[in-house]
Every structure is written in structure tokens, then in C-alpha cells.
Amino acid sequence: ADCAVLIVAAGTGEFEAGISKNGQTREHALLAFTLGVKQLIVGVNKMDSTEPPYSEARFEEIKKEVSNYIKKIGYNPAAVAFVPISGWNGDNMLEPSDKMPWFKGWNIDRKEGKAEGKCLIEALDAILPPSRPTDKPLRLPLQDVYKIGGIGTVPVGRVETGVLKPGMVVTFAPVNLTTEVKSVEMHHEALQEAVPGDNVGFNVKNVSVKELRRGYVAGDSKNNPPKAAADFTAQV
């Protein structure tokens, strides 16, 4: 994912449970960072159920606590928008709420520039689209393989790097099986090319469903196809 929206409940006792040692707020923030999600938005939800309702003091308390925690994980709090919202009532979701006149808006500062706004949707719009690694060799891990009547064998998966095009000759690792891609589809529409981030199905020639399985990786046979590795480095 390119961005995570961490929803924190502002209700009495709810925030405390989430930020406690084994709470979900901590767990989800840590998961997002560990999975490589670089951009974060914090939605402080249920502002209608604080004591008193729509309490500025409660929002500031939560903002301070969560900022301290996400900083320890590795996020820069200055680049994270904190938005007080009520999903139930729609406050500060799509347009500014008149229930929180004290909230002058969120503002973030990052090396790519500054951004500011009042609502959650504006914070989403301020997310920077990451550069897609289209220049790297194709890597497409298979999530599933289907047999579709009248079409044939259709592996599906997400393009991680590179580009997949109809007519390309692909190699599947680790079985070293090579075949031609007849067509590429996303959401039942034919594509001329699939780029990183696209979840696609692609029809392959003369390969049975039994020869492919989830976990295999497709690559371009002419450009550094995937091979088995003796060892690899990973962050645990």
C-alpha cells in the first residue's frame, strides 16, 4: 500500500485500550511501518463521544500520545496529518465541521513540500504517489491460477516491478517454465500493458493449470528472469 490511515477511537477508555501495550493502535501502526507503508494519516474518530463532545483537550492529548509512539516506530510526526473526525456524523470527513471551531486544520511538512487542509479527504489527496518501478525487470508473484472455459489457463497476481504486455514471453520461477502471454486483463478489461500495483489476470499459451501454482513468480524471459537464490536478506 502507498498510504495507511490509522483510525484512533477518541472515546473515554477506547483510546487508552488501543494505545496500551498490546493495543490495536500500536499494533496497526507498527504493522504499517514494518510492511513498508511510508505515508501515514491519523484519523481521531468518535469525536462526538468524548467528554465533553468534540473536546479539543482530548484531541490534543491523543495527538501527543500517538505522535510520540509513531516517532519511536520510525515515522516523522511532522509529516503525518492528524484529523479529528466523527465517521458516524460525517464531521471533518468530506467537509469542515462546525462542531469543532477550535480545529484550524492539519498541516504537514515533508521534504517534497508542505500541505494543509481541514478534512480527511484532503489529507488523502495530499498523499504523494510513489514512483512505480517500471524500469526494473518484471516480477509478478502469482496469487492464484484459474482455468476459464473458452480462454484457457489464467494466472492472476500483482505486478511488483517491470511491465507485463500481451505477446511477451514469460518465464515462471522456480519451475523454469516459459510461455507466451496471449492477453492481459484487469477488472475484465483488456490492457496493452500492466504496471506495478496492477492486479491482473493474464492468459498463457499451452500451459495447464496443474503446471502453475500460487507463489510462482513470472518474469520476462529476455530481461533478467527470476531465478532461485541460495540466500537472501530480510527484515524480520
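Lys165 counts as partly exposed, with a relative accessibility of 38%, and I start with this residue in what is, I should say at once, a predicted model. Its side chain meets that of Glu193 in a salt bridge, at 3.9 Å from N to O. Lys165 sits in the loop between β7 (152-158) and β8 (169-173), while Glu193 sits in the loop between β10 (189-190) and β11 (199-204), so the bridge ties together parts that are 28 residues apart in sequence. Glu193, for its part, is also partly exposed, at 39% relative accessibility.

Let me turn now to another pair, Arg58 and Glu16, which form a salt bridge whose closest N and O atoms are 2.8 Å apart. Here the link joins distant parts of the chain, since Arg58 belongs to helix α3 (residues 56-73) and Glu16 to helix α1 (residues 14-19), with the two positions 42 residues apart. Is Arg58 buried or exposed? Arg58 is buried, because its relative accessible area is 11%, which falls under the 20% cut-off, whereas Glu16, at 35% relative accessibility, counts as partly exposed.

A third pair, which you can find in the structure above, is Lys111 and Glu112, with closest N and O atoms 3.9 Å apart in their salt bridge, and both of these residues are exposed.

How many salt bridges does the count come to? The count comes to nine, and the ones I have described, including the bridge between Lys165 and Glu193, are examples from it.

Conventions. Residues numbered from 1 in each chain as written. Predicted model: local features only at pLDDT ≥ 70, side-chain atom pairs only at ≥ 80, totals over all residues. Heavy atoms only, no water. Salt bridge = Lys/Arg side-chain N within 4 Å of Asp/Glu carboxyl O. Helix = DSSP H or I, 4+ residues; strand = E, 2+ residues; numbered from the N terminus. Buried < 20%, exposed > 50% of the residue type's maximum accessible area, 1.4 Å probe, protein only.
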